[in-house]
Amino acid sequence: MITEDQYWLAQPPAVRALRNMSTNDPGRGILAAQLAKQGFAIDAAIMVNGWSADVVMRVRVADGITWVPRVGMQNIQPYLVGAQQPNPPYAPYDPAHPPAGAIMVSDDPKDYPAFDPPPPQVPQPPATNMVGAFMFSDANGKKYYDRGPASMKDSKTPGVVDGQVVEQDGSSYTAHVVQSMMGLEVFFTA
């Protein structure tokens, strides 16, 4: 089953703006219509009416619906179960052949990859030739020091940024600032 966050994070940023608008706000429907005219796939039940994506998709899947028209397409006409009524222009509804632009129905999280994937985590190379470190806790201001350039030992904040070079006694040290469970840690390498 998908979560609301998975569903909405799979949408383009312009469409995600609908999520934060009240369903009582007429601007929500107006924005949805504008986005649909721009070519975005707008699911009226979820994005305009504000119904739960998880519930809507589970109900559709349980009903055997594999696709639904997006805003701007002809609606699927309701019909009585078992009755052979016309369903223009989808006469009859064909679950295996969605029309171009239709919204695919799924409650499987893998069908909702994030539209803006998180940036790749760049592993920091292990520090080589470490000459010292100090750490302090932001939570209560208590300082914990180990080794490092003497000029840093009286500071309540790191005073350096990651990658900054600090000179002391004719030597250069590169600062490596890391957030840990204990607070900020600063390591120096020569």
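## Aromatic cluster

Rings of Phe, Tyr and Trp, the last taken by its six-membered ring, pair if their centres lie within 6.5 Å. In this predicted model, Tyr7, Trp8 and Tyr112 form one aromatic cluster. A search of the whole structure finds two aromatic pairs. The first to describe joins Tyr7 and Trp8. Their ring centres are 5.6 Å apart and their planes stand at 85°, so this pair is edge-to-face; the cut-off for that class is over 60 degrees. Both Tyr7 and Trp8 are buried.

Tyr7 also pairs with Tyr112. Here the centres are 5.7 Å apart. The planes make an angle of 50°, and the pair is tilted. This pair links distant parts of the chain. Tyr7 sits in helix H1, while Tyr112 belongs to the loop between S2 and strand S3 (130-136). The two residues are 105 residues apart. Tyr7 and Tyr112 are both buried.

## The chain as a whole

The chain has five helices and seven strands. What order do they follow along the sequence? The pattern reads α-α-α-α-α-β-β-β-β-β-β-β.

The chain holds 190 residues, and 29% of them count as buried. Contacts between residues at least 6 apart in sequence were also examined. Of these, 49% join residues at least 24 apart.

## Helix H5 and its cover

Helix H5 spans residues 53-62. Which of its residues are buried? They are Ala53, Asp54, Val56, Met57 and Arg60.

Several elements help to cover these buried residues. Among them are helix H1 (4-9) and helix H4 (44-48). Strand S1 (67-68) and strand S2 (103-104) are also included. After H5 comes Gly64, with a positive phi near 80°.

## Arg16 in helix H2

Arg16 is found in helix H2, which covers residues 13-16. A polar atom of the Arg16 side chain lies 3.4 Å from the backbone oxygen of Trp8. Trp8 is also a member of the aromatic cluster.

Which residues does Arg16 touch, leaving out those up to four places away in sequence? The list is Trp8, Leu9, Gln11, Phe115 and Asp116.

## Asp107 and the chain start

Asp107 lies in the loop between S2 and S3. Tyr112 is in that loop as well. Is Asp107 buried, exposed or partly exposed? Its relative accessible area is 22%. Buried means under 20% and exposed means over 50%, so Asp107 is partly exposed.

Asp107 and Met1 are 106 residues apart in sequence. In space, their C-alpha atoms are 5.0 Å apart. Asp107 is in contact with Met1 and Ile2, and with Met57, Arg58 and Val61, leaving aside neighbours within four places in sequence. Of these partners, Met57 is one of the buried residues of H5.

## The second largest pocket

The second largest pocket has a volume of about 300 Å³. Its lining has 16 residues. Which of them lie nearest the pocket centre? They are Gln11, Ile103, Met104, Asp111 and Tyr112.

How does the lining divide by residue type? There are 13 nonpolar residues, two polar and one charged. Some lining residues appear elsewhere in this report. Tyr112 belongs to the aromatic cluster. Gln11 is one of the residues that Arg16 touches. Residues 103 and 104 make up strand S2.

Conventions:
Residues are numbered from 1 along each chain as its sequence is written. This is a predicted model: local features need pLDDT of at least 70, side-chain atom pairs count only at pLDDT 80 or more; totals for chains, interfaces and linings use all residues. Side-chain values use heavy atoms; hydrogens and water are left out. Buried means under 20% relative accessible area, exposed over 50%, partly exposed in between (1.4 Å probe, protein chains only). Helices (H or I, at least four residues) and strands (E, at least two) are DSSP runs, numbered from the N terminus. Contact means heavy atoms within 4.5 Å. A polar contact is a pair of N or O atoms within 3.5 Å; within protein, one must be able to donate a hydrogen and the other to accept it, and residues adjacent in sequence count only if both atoms are side-chain atoms. Rings of Phe, Tyr and Trp (its six-membered ring) pair if their centres lie within 6.5 Å; planes under 30 degrees apart count as stacked, over 60 as edge-to-face and the rest as tilted. On a 1 Å grid over the protein atoms alone, a cavity is a set of points where a 1.4 Å probe fits but cannot get out, and a pocket is an open set with protein on both sides within 12 Å along at least five of seven lines; lining residues have an atom within 4 Å of a point. Grid points are joined across faces, edges and corners, and a volume is the space filled by probe spheres set on the points. Ala, Val, Leu, Ile, Met, Phe, Trp, Tyr, Cys and Pro count as nonpolar, Asp, Glu, Lys and Arg as charged, and the others, Gly among them, as polar.
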